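Hi,

Here is the structure I promised to pass on. Have a look at it first, and then read my notes below.

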Amino acid sequence: MPCLFVSWRLRVPLSITNIRRFIKTAASQCNDKEESGTTGEKEKGGRMPKHVAIILDGNRRWAEKRGLGPSQGQEAGARTVMENVKDYFSMGINTVSLFAFSTENWGRPGDEVKYIMDMFEKIVKSEMPNLRRYGVKVSVIGKRTNIPEPLLHLIGEAEEATKNNKEKQLIVALDYSGKFDILQACKSLAEMAKNGLINVEDIDENLMDKELMTSCSEFPNPDLLIRTSGEQRISNFYLWQSAYTELYFPSVLWPDFGGAEYFEALDWYQKRQRRFGLRV
Amino acid sequence: MVDQIRHMCVGINQILEQIHGFSRRCLFRVISMGPLPIHLAKKQDLEDGSGHKAGFSALMSMLQYCYELGIKYVTVYAFSIDNFRRKPEEVRSLMDLMLEKIKSLLDKESIVHEYGIHVYFIGNLALLSDQVRAAAEEVMQATAENSRVGLLVCVAYNSTDEIVQAVKKSCVTKLDRDMETIQLVDIEENMQMSVAPDPDILIRSSGETRLSNFLLWQTGSSQLFSPDALWPEIGLRHLVWAILNFQKSHSYFEKKKKKQM
């Protein structure tokens, strides 16, 4: 019965493999105990990530394979997000980051960029009621200077409407770059030093953490980063934040990344042994 | 009779080494038909005692292959700031091994002289013992004039520490000006790793797929490669495989970059 429910809920085909995945994942969640001790000690295998970050790669290749235009690839990618986003928070996952649009993406053809921005507007409008209903806090991080005004307005409304939600947080990285994030943190700290609030000598990793855009989350550093389409790179997404993140590179293209694939990523994560530089 | 057999064995050994060297160079010529990485970064996982020594031999062989192939920069993650939290005996034995191996780089027969390597030690060297730090500085000075290839050894290093130091230096230089004038290039200039271009490939042995606080700023566009083999087992075939994978995705990546320009 639980498998039937999960299969319906996650829109995952009811196969022996998926039943096994569900049982394994749910069982390790039940057996999960908090590790005592300071940060940096070995994490027990079998824990769920608190923060999952996803680079949504492969929309254009998906379209090319089917003889479609890039816009149709983006649309298929958007559909995948809308169909699956609330299920990303299952199993106690608190924060999900989606790398929706990088600073480098502004270099794409103008009509493709316009299509993508219009699509973001449609998604925010259509998904906001659902995200509010599911208690998801929405945060958008990135430079806002080049985002069209109507979309900026919708983003502001979405963030305001969901700001009091705590259990689940969706971070959308729009016009985001890991290096830019570090640069803006550096400028904030420099400003604080100039105004006498801190000494330059006091700048350390904790202060940097507080000034990065991911400080909007209780769990700013992803435990698991998924990049679809088989490309094995971070591509200027979370650089600082990925210091100890487990990196998972499935070859599936983003529009085809459904519930089953997400389960597989979580299953893979649970098998990792996280040491943070210490001996096992 | 025994002497004759011994001579024969030495002769056969020499022939085998020459055949191995020749086939390796042929292989490299073939691989060189495609684009080559300019900078390769490696993170090896530390093991106990003799594992560390075997790891060092594996490193020397790997450096030889890289420089023979024409790779200009190789960066290795020798010891992280996090590793200081290991047991004191292990840290001490690692420091002793490091001191021994750093000093051996100054030998006339070492790989440094054979390939004209400019050696850099990157990290918070103040955390090292005086002896190790002095040896590192001596090697850097002795190889400062070399310019053929570069070896960057990250020791007492953390990428977040490197970024924090660069951020601090950027703040200090702009303290009397508008903070908005701080640019990416200011932070980049102050990174210790700015002596080399960003790595094209990052190899992490033992099958772990994490950066573990290594070159976070620099590997944004690097291709990541995580063979399952433990570091002392890493050999030529892993390097070749990494480069072939790099070449496969290089043309797609370059096309993507051009479209965005």
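Read along the sequence, chain B goes α-β-α-β-α-α-β-α-β-α-α-β-β-α. That makes 8 helices and 6 strands in chain B, where helices (H or I, at least four residues) and strands (E, at least two) are DSSP runs, numbered from the N terminus. Before you go further: this is a predicted model, in which local features need pLDDT of at least 70 and side-chain atom pairs count only at pLDDT 80 or more, while totals for chains, interfaces and linings use all residues. Residues are numbered from 1 along each chain as its sequence is written, chains are lettered from A and ligands numbered from 1 in the order in which they are written, and side-chain values use heavy atoms, with hydrogens and water left out.

Chain B has 261 residues, and 53% of them count as buried. Buried means under 20% relative accessible area, exposed means over 50%, and partly exposed is in between (1.4 Å probe, protein chains only). Among contacts (heavy atoms within 4.5 Å) in chain B between residues at least 6 apart in sequence, 77% join residues at least 24 apart.

Now find strand E4 of chain B, residues 149–157. How many of its residues are buried? The count is 9 of 9, so E4(B) is mostly covered, going by the cut-off of under 20%. Two strands pair if DSSP finds at least two bridges between them, and E4(B) has these partners:

- Strand E2 (residues 73–80) of chain B runs parallel to E4(B), with 7 bridges joining them. Here B:Ser80 stands opposite B:Tyr157.
- Strand E3 (residues 117–122) of chain B also pairs with E4(B) in the parallel sense, over 6 bridges. B:Ile122 has B:Cys154 as its bridge partner.

There is an oddity in E4(B) too: B:Ala156 lies in this strand and has a positive phi of about 50 degrees although it is not a glycine. B:Ala156 is buried, with a relative accessible area of 0%. Chain A has a residue to set beside it, A:Ser229, which has a positive phi of about 80 degrees and is not a glycine either. A:Ser229 is in the loop between strand E5 (224–227) and strand E6 (246–248) of chain A, and is buried at 8% relative accessible area.

Next, the place where the chains meet. 52 residues of chain B are in contact with 50 residues of chain A. Between them the chains bury about 4400 Å², 54% of it on carbon and sulfur atoms; buried area is the accessible area (1.4 Å probe) that two parts lose on being put together, summed over both. The rule finds 3 salt bridges across this interface, a salt bridge being a side-chain nitrogen of Lys or Arg within 4 Å of a carboxyl oxygen of Asp or Glu.

Which residue of chain A does B:Arg210 form a salt bridge with? The partner is A:Glu246, and the closest N and O atoms are 2.7 Å apart. This pair crosses from strand E6 of chain A to the loop between strand E5 (201–204) and E6 of chain B. Both A:Glu246 and B:Arg210 are buried. B:Arg210 also meets B:Glu208 in a salt bridge (3.3 Å, N to O), and B:Glu208 is buried as well. A network of salt bridges links A:Glu246, A:Arg272, B:Glu208 and B:Arg210.

Over all chains, the structure holds 21 salt bridges. Another one is in chain A, between the side chains of A:Arg60 and A:Glu112 (3.5 Å, N to O). A:Arg60 lies in helix H3 (residues 59–65) and A:Glu112 in helix H5 (residues 110–133) of chain A, so the pair ties together parts that are 52 residues apart in sequence. A:Arg60 is buried at 17% relative accessibility, and A:Glu112 is buried at 5%.

Last stop: helix H4 (residues 70–84) of chain A, where you will find A:Thr80. A:Thr80 is buried, with a relative accessible area of 5%. Leaving aside residues up to four places away in sequence, A:Thr80 touches A:Tyr88, A:Trp254, A:Pro255 and A:Phe257. A:Glu75 lies in H4 of chain A too, but counts as partly exposed at 36% relative accessibility. With the same neighbours left out, A:Glu75 touches A:Tyr115 and A:Met119.

Cheers
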